[in-house]
Amino acid sequence: MTHEIDQSKTKARQAQAQVKSTVTALRSRLSPRALTKEAVRSVGTRLTDSASDAVETVKSRPALTIGIVAGTALLLFRKPIIGAVKRLTKETKHDG
């Protein structure tokens, strides 16, 4: 009977040590610093993958890329472009 109790106590200590080890590992993995590092690594990987995909798309469809860039530029600079066109049309009316 004493031998069984000793075995049970040993198993209980081993289980307790395993639980403590697991809790310690979880605490280190779930610390704010560890979570931040993992998030930064994950975002960096995704950005790298996205950049690679973008480069492949540009290489495979250069005309489409040029069209998108030109359209975006026109959209972003529409006010200065409209102002320049208005000035040119005013000058053309006065000259003619």
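## Charges first

The chain carries 18 positive and 8 negative charges, and the mean positions of the two sets sit 7 Å apart. Lys and Arg are the positives here and Asp and Glu the negatives, with His and the chain ends not counted. Each charge is placed at NZ of Lys, CZ of Arg, CG of Asp or CD of Glu.

A word on what you're looking at: this is a predicted model, where local features need pLDDT of at least 70, side-chain atom pairs count only at pLDDT 80 or more, and totals for chains, interfaces and linings use all residues. Residues are numbered from 1 along each chain as its sequence is written, and side-chain values use heavy atoms, with hydrogens and water left out.

## Overall build

Going along the sequence, you get α-α-α-α, that is, 4 helices and 0 strands. Helices are DSSP runs of H or I with at least four residues, strands are runs of E with at least two, and numbering starts at the N terminus. The radius of gyration is 33 Å, well over the 12 Å that the globule rule gives for 96 residues, so the chain is more spread out than a compact globule. That radius is taken over C-alpha atoms, and the rule is 2.2 Å times the number of residues to the power 0.38. Along the principal axes, the C-alpha atoms fill a box of roughly 115 × 30 × 15 Å.

## Surface

Buried residues make up 0% of the 96 in the chain; buried means under 20% relative accessible area, exposed over 50%, and partly exposed in between (1.4 Å probe, protein chains only). The accessible surface is about 8,900 Å², with 63% of it belonging to carbon and sulfur atoms. Those areas come from the Shrake-Rupley method with a 1.4 Å probe, and for residues only the protein chains shown count as cover.

## A nonpolar patch

Leu74, Leu76, Phe77, Ile81 and Val85 form a nonpolar patch on the surface, together offering about 490 Å² of accessible area. The elements giving two or more residues to the patch are α3 (62–76) and α4 (78–95). Patch members have over 30% relative accessible area and no salt bridge; nonpolar side chains (Val, Leu, Ile, Met, Phe, Trp, Tyr) are joined within 5 Å, like charges within 9 Å. Val85 lies in helix α4 and is partly exposed, at 46% relative accessible area.

## One salt bridge

The salt bridge count is 1, using a side-chain nitrogen of Lys or Arg within 4 Å of a carboxyl oxygen of Asp or Glu. Arg41 and Glu38 are the partners, at 2.5 Å from N to O. They are 3 residues apart in helix α2 (residues 32–60), so about one helical turn separates them. Arg41 is partly exposed at 48% relative accessibility, and Glu38 is partly exposed at 41%.
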